[in-house]
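Grab a coffee and open the viewer. Here are a few short exercises, each with a worked solution.

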Amino acid sequence: MDSTIDISDPARALSLPHIRYQLIRLEDTVLFHLIERAQFPLNPTIYTPGAITIAHSSSTSALSFMDWVLRSQEELQSKIRRYQSPDEHPFFPDAMQPLVLPELKYPRILWGNDVNVNAELKQRYVEHILPAVCKGKKERPEAQENYGSSATADVACLQSLSRRIHFGKFVAESKFLAEPERFAELIKKEDREGIDAAITNAKVEQKVLERLRVKAEMYGVDSGMDADAPRKIDVEAVVAMYRDHVIPLTKVVEVEYLMQRLKGTEWE
Ligand SMILES: O=C(O)C(=O)C[C@]1(C(=O)O)C=C[C@@H](O)C=C1
């Protein structure tokens with residue numbers, strides 16, 4: 001699978017402007033997938049374990065329908081090297097399969113680590129992000145005929161959100177390399193709060209939220225529509241998703257990555 005980081009050039013991969021440029025591009029990806037998902041009702045049944053019987057599936061029958069779709073996708077995508085890429089992380093690490101393509105040798109960009117916040121991301125997506133994005137459609141009756149389309153859109157949303165959030169590892173490595181002594185001291189003291197303060201840039205966060213608001217307003221309206229026609233996406237829900245979930249989880253990834261930064265000697 002293609003990687004969105006420039007793996008041919010590790011120095012470029014760790015330049016903060018290059019990483020921030022990738023984060024900005026991922027905003028578009030996340031937004032377009034969310035707009036796709038928001039056209040369907042919330043369909044809570046697909047997130048309830050056991051609510052839909054999955055025929056011909058025994059070991060995974062306790063999963064929700066959406067989890068089963070996501071897991072099945074990951075099984076397939078693991079065979080074609082998706083999770084070889086250092087910016088990709090599975091939601092179901094136990095579903096990984098042997099490769100059908102030869103292994104790719106990525107240059108060493110990140111320090112070895114096992115940081116993966118996908119379980120937390122998926123929970124927040126199902127419990128908070130999606131209900132807010134589908135607001136107004138919540139009252140719409142479940143559309144059984146949209147179960148597959150909804151879950152397919154969910155997989156795209158979750159995978160793009162996960163990639164965006166785990167890009168925090170590249171941000172963190174870049175920040176560490178810029179001030180190694182400062183970070184090494186905080187890491188040795190296990191001062192997570194201090195690390196969090198050191199990686200935080202409130203101005204950049206503010207800019208991210210402002211840009212996202214403009215994009216959500218722009219992409220949610222068709223040029224031929226009346227000014228007061230309903231939007232394809234709830235702008236406030238999108239901004240809140242980044243403010244309350246995406247940026248905080250990116251920072252968790254940054255802090256936890258740095259906490260492991262001095263432990264191993266192995267590069268990933
Ligand atoms: O751009 C950075 O420096 C990041 O660390 C990324 C990010 C974000 O998630 O957008 C997270 C923390 C910073 O406070 C600013 C922005």
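**Warm-up: the annotated stretch**

In an unreviewed entry, UniProt annotates residues 148-254 as "domain: Chorismate mutase". Keep in mind that you're looking at a predicted model.

**Exercise 1.** Work out how much of residues 148-254 is helix and how much is strand.

*Solution.* Start with the secondary structure: the span is 79% helix and 0% strand. Then check the ends, where the C-alpha atoms sit 34 Å apart.

**Exercise 2.** Test whether the end-to-end distance of helix 2 agrees or disagrees with its number of residues.

*Solution.* Helix 2 runs over residues 16-38, which is 23 residues. At 1.5 Å a residue, it should span 33 Å. The end C-alpha atoms are 32 Å apart, so the two agree.

**Exercise 3.** Find which residues of helix 2 are buried, and what they pack against.

*Solution.* First, the buried ones: Ile19, Val30, Leu31, Leu34, Arg37 and Ala38. Next, their partners: the buried residues pack against helices 4, 5, 6, 9 and 10. Now look from the other side: Val133 is in contact with Leu34, Arg37 and Ala38, among others. Finally, Leu34 and Val133 are both among the residues touching the most other members of the largest nonpolar core, which has 55 residues. Helix 10 contributes the largest share of that core, ten residues.

**Exercise 4.** Describe the shell around the ligand: which helix gives the most, and which residues come nearest?

*Solution.* Helices 2, 9 and 10 each supply at least two residues, and helix 10 gives the most, with four. Of the 13 residues around the ligand, Thr200, Asn201, Val204, Ile247 and Thr250 come nearest. By type, the shell splits into six nonpolar, three polar and four charged residues.

Key
Residues are numbered from 1 along each chain as its sequence is written. This is a predicted model: local features need pLDDT of at least 70, side-chain atom pairs count only at pLDDT 80 or more; totals for chains, interfaces and linings use all residues. A nonpolar core is a set of buried Ala, Val, Leu, Ile, Met, Phe, Trp, Tyr and Cys residues joined through C-beta atoms within 7 Å. A residue is buried if 20 or more other C-beta atoms lie within 10 Å of its own, exposed if 12 or fewer, and partly exposed in between; C-beta atoms are placed from the backbone. Two residues are in contact if their C-beta atoms, placed from the backbone, lie within 7 Å. The expected span of a helix is 1.5 Å times one less than its number of residues. UniProt positions are given in the numbering used here, feature names are shortened, and annotations may be inferred rather than shown by experiment. A residue is near a molecule or strand if its C-beta atom, placed from the backbone, lies within 6 Å of it. Ala, Val, Leu, Ile, Met, Phe, Trp, Tyr, Cys and Pro count as nonpolar, Asp, Glu, Lys and Arg as charged, and the others, Gly among them, as polar. Lists of a residue's contacts leave out its neighbours within four places in sequence.
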